[in-house]
Amino acid sequence: MSNNSDNGKYKVIGTRPVRHDGAEKVMGKAIYGGDVRLSGMLFGQVLRSPHAHARIKSIDTSKAEELEGVRAVVTSADLPKTNEDDMIDLGEGMTRLKYIRDNILASDKVLYRGHAVAGVGAINQQTADEALSLIEVEYEVLPAVVNVLDAMKDNAPLLHDTLTTDEMGEQTDKTSNIAAHLQHKLGDPEKGFNEADIVIEHEFHTATVHQGYIEPHNGTAMWNPDGQLTIWTSTQGAFVVQKQTAAVLDHPISKVKVVPQEIGGGFGGKIPIYLEPVAALLSRKTGHPVKLLMTRAGVFEGTGPTPGSYVRLKLGADKSGKLVAGDCYLAFEAGGYPGSPMFCGCMCIFACYDVPNAIVNGYDVVVNKPKSAPYRAPGSTQVAFAIETMLDEIAEKIGMDSFDIRLLNAAKEGTRRVDDLVYPRIGCVETMEAGKASDHYNTPLEGPYRGRGIATGYWFNIGFKSCVTASVNEDGTVNLMEGSTDIGGSRTSIAMQFAEVLALPVEDVNPRVGDTGEIGYNDVTGGSRTTYATGYAAYNAAQDVKAQMIEIAAKHWELTADDVEFVDEFFKNKKDSSKQLTFKELAKIGSADDSPVIGKGSVNLGFHIGGSFATNIVDVEVDPETGKVTILRFTAIQDAGKAIHPSYVEGQMQGGSVQGIGWALNEEYFYNTDGKMENSTFLDYRIPTALDLPMIETIIVEVPNPTHPYGVRGVGEANIAPPPAAITNAIYNAIGVRFRELPMRPDRIIAALAAKRESEPMEAVAGS
Amino acid sequence: MNKIHVQSKINGENIEFLCEPRQSLLEVLREDLGFTGSKEGCNDGNCGACSVIMDGTLVDSCLVLAVEIQGKEITTVEGLATVDGLHPLQQKFLENASLQCGICTPGFLVAAKALLDHNSNPTEHEIRHWLAGNLCRCTGYDKIIRAVQEASAVVSKSA
Amino acid sequence: MKNFEYTAPNTLRKAISILADKNGNSRILAGGTDLIVQLRGSRFQAERVVDVKNIPELNELSYGSKKGLTIGAAVPCYRIYQNADCVERYPGLIDSAAIIGGIQIQGRASFGGNVCNSSPSADTIPVLIAYGSKCEIAGPNGKRRVPIEDFCTGPGKNVLQPDELLVSIRIPTIKNASGAHYLRFIPRNEMDIAVVGAGAYVELGNRKRTFKKVRIGLAAVAPTPLFAREASELIVGREVNDATIEAAAEAAKASSKPISDMRGTAEYRTHLVGVMTKRALQGAVKRARGGFVPNAVQEN
């Protein structure tokens, strides 16, 4: 439950209203991207490469085109011609346009099993599906590399002929699978390690995992003969779709309109585009709207998972447990094209702690897997796995409580991070203290093969750009037009922040997510920014509305604006205290006598504008005969700054925790020796079911973010960082085995138990 | 290939349609009949987003051929609410914030309704076991289970 | 998938004559939870789908004190765990029926379909083997019975000829002091394919202190589900205790030849055979002695 420590300070914020889009969603009436229906619409499907790495020698689409009901087939030949050296900036620095186009439809090579090769448009879905088997592609199969360390070796198969390494800002000459090497350094790590009392170093491996949203990607496009292109899609960023689709198709942004539909999960994975340009090409060729819905296998094989990783971490501490030095080497799998969140991993590895001497070397490496896409705090989980388990190891060596060693080292306001950021006010200590004081932590755990573990993790909030407009209706309700697609209830949280300023009931604010033609530019719903930034824009819009309403009241009372104030839900006449008007009354007056009230809020809030820390406590039981791990109890603690709608903050914490549990225990991309992913179904890519989990307890901590009017910190992401580490620590506590590889599958647990028994025959395994 | 004529009852209404044998019930519901409430998440029976009730039994509509519903009664998510209001399950899902993106919600509501029809006072374990065939990636299931518990209290009281 | 002809005969004779028709390959549709997935994939196409759910014999679910239990091939799992005779007399079947897929799958999937799909990891077959079941098959030349352990001949393959279909599964009447239990290992708690499955049936003698009859069936450890004959016969006549059960478990391990695939390595599967056989025998013994062993739905 949220601790609304403001004690009645807020009227709307901190309450739990039913979300505005709730009724239509529970009635099955909400229109998601896959539900779009347009007159004369055709249905599409994408042909994907069966090979992990191959040259495309030829594509013959003639038989597919002849199948009755097929209206068009497209390949990369239908995209604009790309020169090898064309570069483009799509918001994350310069990248090769060829990479962007090739990922949509492969031109000369396929770089992962599932790589899109052709698209078909037909009169119904069954015909489009059937047509795929008639497209003949001749491949020259090449050796594949699906492991980051293998890809870094000198003799590894090269994915790109032109890729050289961005070596700390300078491009090398040597072609490589290593796309980038980044380094951060703080203080004097060598000296720190020399002076340390305890030095430990370990290697960690994490497998490729997918965001696992239940709704597959979709895209519907209508290319009018006048060049106007309209796209309906489920996306985390309509403006990203607009910009990237325009770039891929070499079409003016002014002629591309993106109409975002309801979205069935994203977690970062629905920021990149996949189907939209294919749908557009098919529409242009057929003159009809064309809808594509990705298959589940296509989602797993063709869209960005989070990187598998290798992390080597060395920590030095003094005998009181204080960290004095850190050295991290990390290599992330970018997939077929460069651009893993390696730089985020570099930022997060020491982010929870004050490590005065530290060095981080990060490597972005291409491998024959789908191009990685962001997944909820991208890179943070991989590195938390390393540091949070090693901290426990140090704590055990010196006989210190797990929370105490973290509190001793916790990052605070003023702590300088290895990437040179100095923290403003943050809640790292507070979440750990809440954990230490929690009912869960203070309830003894009993029973054989049971163990408890804790961990902490971090993610920052990006700010960037959001805007909203608010129009006041004559009955005093407000239409709030915003541009942040709503994946988890954000439209209500944004409306609540607007309503709070004007003391309106939140039901009187009607939020709507607009398309790119009707709202100004908004950055993505992602990066834990939406409640923060779009809420801030809504706050500003409400202030703007308030000022305009004050003008209306002033005119009505024949005063100047200085003589009107808004206090406690009333617009008050300062010259005559008997005169006051409610918002509703003033709206009615204004609608008769004044120009329409349109409020605007528009913000550009910078890159790193806050940060949220998350702490977990987990109890597990291990079946020593099968290796199966049962989660007995789980508590998620997170600093929300200010929980606007506590139910949705709790929901984010619970959702991220469960994704982390899956990541820890069962989820992985399984590759055969040819580099092909074998488990591209929800049967064998095993996300947790309701039967695999207990209730997820939540504790919301509120350390207000000084940069936001209500103190909001984005909470969407940090909660996925600690769970694998917490579970690893709990398993150690249960059976005395420390894992350094994810997932901690049952067979690995059995193998580790067997190895432990062999090496320590006289020592009792915990609980036996 | 001639289409087959099927007569069925969907959400209490007599409905007729033509379909090819290879079309699933999910496909016909969504594409031909306009019932887009049931969702396609995987098309192979592993996520439950397409759940419907067929002659009182909970099934995945992606694994039922449309021709098979001849003479049968189907309930989809669109059939849960009445003119008098939302079903208690729908109401409790809203009050408990049991949906975030909402794509799995229709499947969960239909599955939970089938559970309560069968057992109006299930334990937490029984609820979790029954709903194991419905995947959710956003909520971690906690608030879904609580909503079903609260709804079962309403339903069993009025029974 | 390619289009196909759909037909739903309402007699056994009609169904057989359709299957015997050599013009085109036909697949049999009961619950569809395997077939429809396979038709969508590239494994095979069908020119004709024969829906057998209208044939009375395939929907029969009945118990007689002499003839035992008859499960029509199209009877879905949920009818089995709602059937009082099955619940009371054949709890091992309920163990299986309650864990195949989730509730939605159990609303459609049939024991007969699971048997005819003939996957090495089939969840119905180990306990059917344990119960000593027989498959009743009908074809143009009449009916024949095949012991369940001989039905499957390889992954996805069985003894059915193209013009035959499985009509029902016959399980003998249960004896006094007998019990059966099926369990499997999966990484989650539901929805997975068995990494290893073990079904055991025991009859106890000598005041329920010794094993009078034992049958152990295993899944996912060989190209077909296995009747672990040596392990079963090894402990007949021996006292019911941990050591005896352990001996059977070890013998079961020895008779397994699992492969390594994405669901488990050979080493891990072999290890699990021992664990699951032991637990299946323990459960069967407990039930034979009148004790309660929960299935997946029930709690302790």
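Start in chain C with strand 13, where Lys213(C) is the bridge partner of Glu203(C). Keep in mind that everything here comes from a predicted model. That pair belongs to a longer match: strand 12 (residues 196-205) of chain C and strand 13 of chain C run antiparallel to each other, joined over nine bridges. Four residues sit between the two strands in this hairpin, and Asn206(C) takes a positive phi near 55° there.

Strand 13 of chain C has another partner too. Strand 14 (residues 226-227) of chain C pairs with strand 13 in the antiparallel sense over two bridges, with Leu226(C) as the bridge partner of Leu218(C). This hairpin has six residues between its strands, and here Ala220(C) is the residue with a positive phi, near 75°. Is strand 13 of chain C enclosed or open? Seven of its 10 residues (the strand covers 210-219) are buried, so the rest of the structure largely encloses strand 13.

Here are three antiparallel pairings of chain C side by side:

| Strand pair (chain C) | Bridges | A bridge pair |
|---|---|---|
| Strand 12 and strand 13 | nine bridges | Glu203(C) and Lys213(C) |
| Strand 13 and strand 14 | two bridges | Leu218(C) and Leu226(C) |
| Strand 6 and strand 7 | six bridges | Lys134(C) and Pro147(C) |

The last row leads to another part of chain C. Strands 4, 5, 10, 6 and 7 of chain C, in that order, make an open sheet of five strands with antiparallel pairing. At the edges stand strand 4 (61-64) and strand 7 (142-147) of chain C; each has a single partner strand, so one side of each has no neighbour in the sheet. From one strand to the next, the twist averages 20°. Helix 1 (residues 12-20) of chain C lies across strand 6 and strand 10 (165-171) of chain C, and its angle to strand 10 is about 130°.

Now over to chain A. It has 19 helices and 30 strands. Its C-alpha trace spans about 90 × 70 × 50 Å along the principal axes. Why can chain A be compared with a compact globule? A compact globule of 768 residues would have a radius of gyration near 27 Å, and chain A has 27 Å, so the two agree. Of the 768 residues in chain A, 61% are buried. Counting contacts with a separation of 6 or more, 79% come from residues 24 or more positions apart.

The domain assignment splits chain A into domain 1 (22-29 + 463-604), domain 2 (41-142 + 226-288) and domain 3 (379-461 + 608-759). Between domain 1 and domain 2 of chain A, the C-alpha centres lie 39 Å apart. Their contact takes 13 residues from domain 1 and 16 residues from domain 2. On the domain 1 side there are four nonpolar, seven polar and two charged residues.

Finally, how do chains A and B meet? 45 residues of chain A are in contact with 47 residues of chain B. On the chain A side, the elements giving two or more residues are helix 1 (22-26), helix 4 (125-132) and helix 17 (646-665). Helix 17 of chain A gives the most, with eight residues. By class, the chain A side holds 20 nonpolar, 19 polar and six charged residues.

Helix 4 of chain A deserves a second look. Six of its eight residues are buried, including Gln125(A), Thr127(A) and Glu130(A). The buried residues of helix 4 pack against several elements, among them strand 1 (42-48) and helix 2 (62-66) of chain A and helix 1 (25-32) of chain B.

Conventions: Residues numbered from 1 in each chain as written. Chains lettered and ligands numbered in written order. Predicted model: local features only at pLDDT ≥ 70, side-chain atom pairs only at ≥ 80, totals over all residues. Contact = placed C-beta atoms within 7 Å. Nonpolar A, V, L, I, M, F, W, Y, C, P; charged D, E, K, R; others polar. Rg over C-alpha atoms; globule rule 2.2 N^0.38 Å. Buried ≥ 20, exposed ≤ 12 C-beta atoms within 10 Å, placed from the backbone. Pairing = 2+ DSSP bridges. Axes fitted to C-alpha atoms, helices over the stretch in contact; angles between N-to-C directions. Domains from an automatic or database assignment.
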